[in-house]
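Colleague: Please take me through the sheet in this model, slowly and in plain words. I work at the bench, so spell out your cut-offs as you go.

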Amino acid sequence: MDRNSETPNKPTDVIRDTNLKASIWRNESETGPFYATTITRTYKDRDGEYRDTNSFVAGDLLKVAELARKAYERTNRTPKREIER
């Protein structure tokens, strides 16, 4: 069995601001590694279970922009070896 299929895919870095997070994911291509970012908001559903969504209220938008800026800096300006802890 492929070892990668046994290991859950984990982000290489996570940047947080209250209940928002930007997860940076390493991907491989023919030309080498590249990074993608997902931004989510965590909330509790009616049953008290934690869920993630990519829908944001007006008060979240500046935080989303700041998370995106930080993720951009980490994936484009920082040497790749530094974010691959």
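Modeller: Let's start with one rung: K21 has T40 in β3 as its bridge partner. That rung belongs to the ladder between β2 (residues 20-29) and β3, where 10 bridges join the two strands and the direction is antiparallel. Before going on, keep in mind that this is a predicted model, where local features need pLDDT of at least 70 and side-chain atom pairs count only at pLDDT 80 or more, while totals for chains, interfaces and linings use all residues. Residues are numbered from 1 along each chain as its sequence is written, and side-chain values use heavy atoms, with hydrogens and water left out.

A word on terms: strands (E, at least two residues) and helices (H or I, at least four) are DSSP runs, numbered from the N terminus. Two strands pair if DSSP finds at least two bridges between them. In general, strands of a sheet pair through backbone hydrogen bonds, either parallel or antiparallel.

Now the whole sheet. It is open and made of 4 strands, ordered β1-β2-β3-β4, with antiparallel pairing. At the edges sit β1 (13-17) and β4, each pairing on one side only. From one strand to the next, the twist averages 35°. α2 packs on this sheet and touches β1, β2 and β3, and its direction makes about 155° with that of β1. Touching, or contact, means heavy atoms within 4.5 Å; the axes behind the angles are lines fitted to C-alpha atoms, for helices over the stretch in contact, and angles run from 0 to 180 degrees between N-to-C directions.

Next, the β4 edge. Strand β3 (residues 32-44) pairs with β4 over 4 bridges, again in the antiparallel sense. One of the rungs has K44 with Y50 of β4 as its bridge partner. The hairpin of these two strands has 5 residues between them, and there G48 takes a positive phi near 85°.

Past β4 (50-53) comes the loop that leads to α2 (61-77), and D60 lies in that loop. D60 is buried, with a relative accessible area of 8%; buried means under 20% (1.4 Å probe, protein chains only). Leaving aside residues up to four places away in sequence, D60 touches L20 and R41.

To place all this in the chain: the protein has 3 helices and 4 strands, running α-β-β-β-β-α-α from the N terminus. Of its 85 residues, 22% count as buried.

How values were computed:
Buried < 20%, exposed > 50% of the residue type's maximum accessible area, 1.4 Å probe, protein only.
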